[in-house]
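Me: I should like to learn how to read the salt bridges and the helix packing of a protein model. Please take me through the structure shown here.

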Amino acid sequence: MTEQTRKLLAAAGQFSGATSDLIEVAREDSVRPHSNVGSGDTITIAADGLRLLIEATDDTDDPNAAINQLHGALIRFLEDRA
């Protein structure tokens, strides 16, 4: 299995978890402060999935490219959440 495939599978897993959290909250029709959605954990999971997706698919070396700026912002966000 290639590194790209591993990252894509990990990204899919993160997005799947975030989606499950959102569906659960929608079914309950309320966001509780201590739930994954209410605490911000779902946002962190989705951000990590997006980071992995960018790392698996981005092929630009331009540090000013919007995708690279988004990647950097995601990394900073995730580091702050750790």
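**Reading salt bridges and helix packing**

Reply: Let us begin with one pair of charged residues: R51 and D48 are both buried. Please bear in mind throughout that the model is predicted.

Me: What is the overall make-up of the protein chain, in helices and strands?

Reply: The protein chain has 4 helices and 0 strands, and along the sequence the pattern reads α-α-α-α. Its C-alpha atoms fill a box of roughly 45 × 30 × 20 Å along the principal axes. Of its 82 residues, 24% count as buried. Among contacts with a separation of 6 or more, 57% join residues 24 or more positions apart.

Me: How many salt bridges does a search of the whole structure find?

Reply: The general idea is a distance test: a salt bridge requires a side-chain nitrogen of Lys or Arg within 4 Å of a carboxyl oxygen of Asp or Glu. On that basis, the search of the whole structure finds 6 salt bridges. One of them joins R51 to D48, with an N to O distance of 2.6 Å. These two residues lie 3 residues apart in helix α3 (residues 41-57), about one turn of the helix.

Me: Which residues are linked with R51 and D48 in a network of salt bridges?

Reply: K7 and E55 are linked with D48 and R51 in that network.

Me: Is R51 buried or exposed, and how is that decided?

Reply: The class follows from relative accessible area: under 20% is buried, over 50% is exposed, and values in between are partly exposed. R51 has a relative accessible area of 19%, and it is therefore buried.

Me: Where do E3 and R6 lie, and how are their side chains classed by accessibility?

Reply: Both lie in helix α1 (residues 3-28), 3 residues apart, about one turn of the helix. They form a salt bridge in which the closest N and O atoms are 3.2 Å apart. E3 counts as partly exposed because its relative accessibility is 45%, and R6 counts as partly exposed at 41%.

Me: What links the side chains of E28 and R32?

Reply: The side chains of E28 and R32 meet in a salt bridge, at 2.7 Å from N to O. E28 is partly exposed, with a relative accessible area of 38%. R32 is also partly exposed, with a relative accessible area of 45%.

Me: How should I read the packing of α3 and helix α4?

Reply: In general, two packed helices are described by the angle between their axes and the distance between the axes. Here, α3 and helix α4 (residues 66-81) pack at an angle of about 140 degrees, and their axes are 9 Å apart. That angle makes α3 oblique to α4. The crossing in which α3 passes α4 is left-handed.

Me: Which residues make the contact between the two helices?

Reply: From α3, the contact includes I43, A47, D48, L50, R51, I54 and E55. From α4, the contributing residues include I67, L70, H71, L74, I75, F77 and L78. By class, the residues of the contact of α3 with α4 comprise 10 nonpolar, 2 polar and 5 charged.

Me: Which residues does R51 touch, not counting residues up to four places away in sequence?

Reply: With those sequence neighbours set aside, R51 touches H71, L74, I75 and L78. R51, which is found in helix α3, thus appears in both topics of this tutorial: R51 meets D48 in a salt bridge, and R51 belongs to the contact of α3 with α4.

Conventions: Residues numbered from 1 in each chain as written. Predicted model: local features only at pLDDT ≥ 70, side-chain atom pairs only at ≥ 80, totals over all residues. Heavy atoms only, no water. Buried < 20%, exposed > 50% of the residue type's maximum accessible area, 1.4 Å probe, protein only. Axes fitted to C-alpha atoms, helices over the stretch in contact; angles between N-to-C directions. Parallel < 35°, antiparallel > 145°, perpendicular 65-115°, else oblique. Left-handed = near helix turned anticlockwise from the far one by under 90°. Contact = heavy atoms within 4.5 Å. Nonpolar A, V, L, I, M, F, W, Y, C, P; charged D, E, K, R; others polar.
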